[in-house]
Amino acid sequence: MKTVQEMGLLAKEAAARLAAAGTAEKNRGLAAIAQALREGKDAILAANREDLAAAEAAGMRRSMMDRLALTPERIGSIASAVEEVIALPDPVGTVDRGGLRPNGLSVTRVRVPLGVVGIIYEARPNVTVDAAALCLKSGNACILRGGKEAIRTNIALGKLMGAALEGAGLPAAAVQLVEDTTRESSGQMMKAQGLIDVLIPRGGAGLIRAVVENSTVPVIETGVGNCHVYVDSPCDLGMAVRIIENAKCSRPSVCNAAETLLVHRDVAEEFLPMAKAALDGWKVQLRGCPETRRILGDSVVPATEEDYETEFNDYILAVRVVADLEEAIAHIRRYSTGHSEAIVTGDYAHSREFTRRVDAAAVYVNASTRFTDGGQFGLGAEIGISTQKLHARGPMGLTELTTTKYVVLGSGQVR
């Protein structure tokens with residue numbers, strides 16, 4: 001088992017090779033990975049069954065088991081996502097801006113790879129492939145450190161991808177998996193200055209906080225998703241039911257799932273029973289304010305301050321009745337993690353007010369928060385959803401995995 005130091009040295013060499021690779025060469029590597037995933041699905045599924053059995057024995061809840069589970073269809077989708085990255089424009093080498101200076105110098109700003117990207121993430125094996133594909137297309141080597149829950153699956157995926165790259169004439173070390181899932185390996189990645197150029201954490205609040213607070217490697221902070229859906233007055237209540245059902249229930253374990261429902265008091269009496277009827281079909285536990293409990297009864301658990309602060313990642317939804325748009329925005333300002341926020345409204349002025357004043361990576365009008373995703377935004381697979389404000393914000397695709405350098409062409413100019 002290689003150490004992080006050893007992997008970092010290999011990754012630096014691979015990154016130098018990838019930085020010089022053309023688009024066609026990188027695309028051949030991606031095509032080889034997609035083919036290897038399809039041909040190796042039996043090995044991937046066998047490893048995944050072992051991970052699922054271990055997770056079940058450890059008492060993992062069902063929403064998290066869903067994140068971990070692979071099927072032939074999901075493997076096919078992961079391979080298709082790699083092929084979608086092939087079809088995306090290569091940002092490396094594109095000119096952001098530039099021109100001719102009065103002294104005759106040509107000054108252009110050109111996109112170049114970041115170098116070695118380290119990613120620390122939890123129990124979602126699709127991240128292993130998504131991250132590798134995006135890093136490869138953007139000319140970066142990557143060091144991937146997944147959680148212990150998916151380690152067997154990730155090892156199988158890593159071996160397939162390394163062999164595929166080697167077969168396509170690219171360094172296998174362009175994609176490396178840290179097999180040590182102890183805290184020690186994470187700590188080594190956080191301190192690997194000079195070997196890892198940027199570190200990206202993907203997972204729960206605890207993981208992200210640990211990386212942000214302890215890393216001496218530059219970090220791009222990805223999002224804990226305490227996402228809100230605000231049902232305004234007036235609005236199409238049927239549409240609002242469909243939106244909150246999708247935002248909460250379609251995949252509650254992901255960061256773009258809704259965690260709190262805010263409802264204008266003028267529509268609460270009519271809307272809340274409609275919403276509860278839909279959410280009951282998914283066995284969603286509601287935790288509500290006193291007004292919510294007055295309308296829906298004692299089946300609603302009294303909400304605490306902590307409930308409004310929590311990313312549940314489960315079939316649990318905090319609910320609050322608010323006086324108006326102003327109170328809804330104030331609630332979101334207080335509790336939002338800056339990921340995705342939505343308003344359902346029939347009032348154009350309210351929609352404009354919401355999008356202007358709510359500070360989040362993605363702000364929605366009359367749509368589910370579940371669309372905050374690289375594929376849905378036309379970026380292909382994503383490396384994560386950034387909730388910071390420097391360099392990258394929102395779904396991080398290929399461009400966000402590059403930086404810039406200035407290329408200056410002269411004809412003997414001196415200063």
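1. Two strands count as paired if DSSP finds at least two bridges between them. With that in hand, a good place to start in this predicted model is an open sheet of three strands, ordered β1-β2-β16 and paired in the antiparallel sense. Its edge strands are β1 (95-100) and β16 (402-409), each of which pairs on one side only. From one strand to the next, the twist averages 25 degrees.

2. Stay with this sheet for a moment and look at β2 and β16. Strand β2 covers residues 106-113, and eight bridges tie β2 to β16 in an antiparallel pairing. If you would like a residue pair to find on screen, try R109, whose bridge partner in β16 is Y406.

3. Now step back to the whole chain. The secondary structure amounts to 15 helices and 16 strands. The chain has a radius of gyration of 23 Å, close to the 22 Å that the globule rule gives for 415 residues, so it is as compact as a globular protein of that length. Along the principal axes, the C-alpha atoms fill a box of roughly 75 × 65 × 35 Å.

4. Another sheet to trace is an open one of seven strands, with parallel pairing and the order β10-β9-β11-β8-β7-β12-β13. Here β10 (301-302) and β13 (362-365) stand at the edges; each has a single partner strand, so one side of each is left without a neighbour in the sheet. Helix α11 (residues 265-280) packs on this sheet and touches β7 (227-231), β8 (258-264), β9 and β11 (316-322). The direction of α11 makes about 145 degrees with that of β8.

5. At the β10 edge, the partner is β9 (residues 285-288): two bridges join these strands, which run parallel. Within β9, R287 stands opposite V301 in β10.

6. Two loops deserve a friendly pointer. Which residues does the cis peptide bond join? The answer is S233 and P234, with omega at about 0 degrees. P234 sits in the loop between β7 and α10 (237-249). In the loop between α11 and β9 you will find K283, which has a positive phi of about 60 degrees although it is not a glycine.

7. Next, the helices. The axes of α2 (residues 23-39) and α7 (residues 151-167) come within 8 Å and cross at roughly 135 degrees. That angle makes α2 oblique to α7, and α2 passes α7 in a right-handed crossing. On the α2 side, G29, A32, I33, A36 and L37 take part, meeting L157, L160, M161, A164 and L165 in α7. By type, the residues of this contact are nine nonpolar, one polar and no charged.

8. Helix α7 also meets α6 (residues 126-137): their axes come within 10 Å and cross at roughly 25 degrees. Angles under 35 degrees count as roughly parallel, and α6 and α7 are therefore roughly parallel to each other. Their crossing is right-handed. In this contact, T128, V129, A132 and L136 of α6 meet N154, L157, M161 and L165 of α7. The residues divide into six nonpolar, two polar and no charged.

9. One last thing to look for is L157, which appears in the contact of α7 with α2 and also in the contact of α7 with α6. M161 and L165 are likewise listed for α7 in the contact with α2 and in the contact with α6.

Note on methods
Residues are numbered from 1 along each chain as its sequence is written. This is a predicted model: local features need pLDDT of at least 70, side-chain atom pairs count only at pLDDT 80 or more; totals for chains, interfaces and linings use all residues. Side-chain values use heavy atoms; hydrogens and water are left out. Helices (H or I, at least four residues) and strands (E, at least two) are DSSP runs, numbered from the N terminus. Contact means heavy atoms within 4.5 Å. Axes are lines fitted to C-alpha atoms, for helices over the stretch in contact, and angles run from 0 to 180 degrees between N-to-C directions. Angles under 35 degrees count as roughly parallel, over 145 as roughly antiparallel, 65 to 115 as roughly perpendicular and the rest as oblique. A crossing is left-handed if the near helix is turned anticlockwise from the far one by less than a right angle, and right-handed if clockwise. Ala, Val, Leu, Ile, Met, Phe, Trp, Tyr, Cys and Pro count as nonpolar, Asp, Glu, Lys and Arg as charged, and the others, Gly among them, as polar. The radius of gyration is taken over C-alpha atoms; the globule rule is 2.2 Å times the number of residues to the power 0.38.
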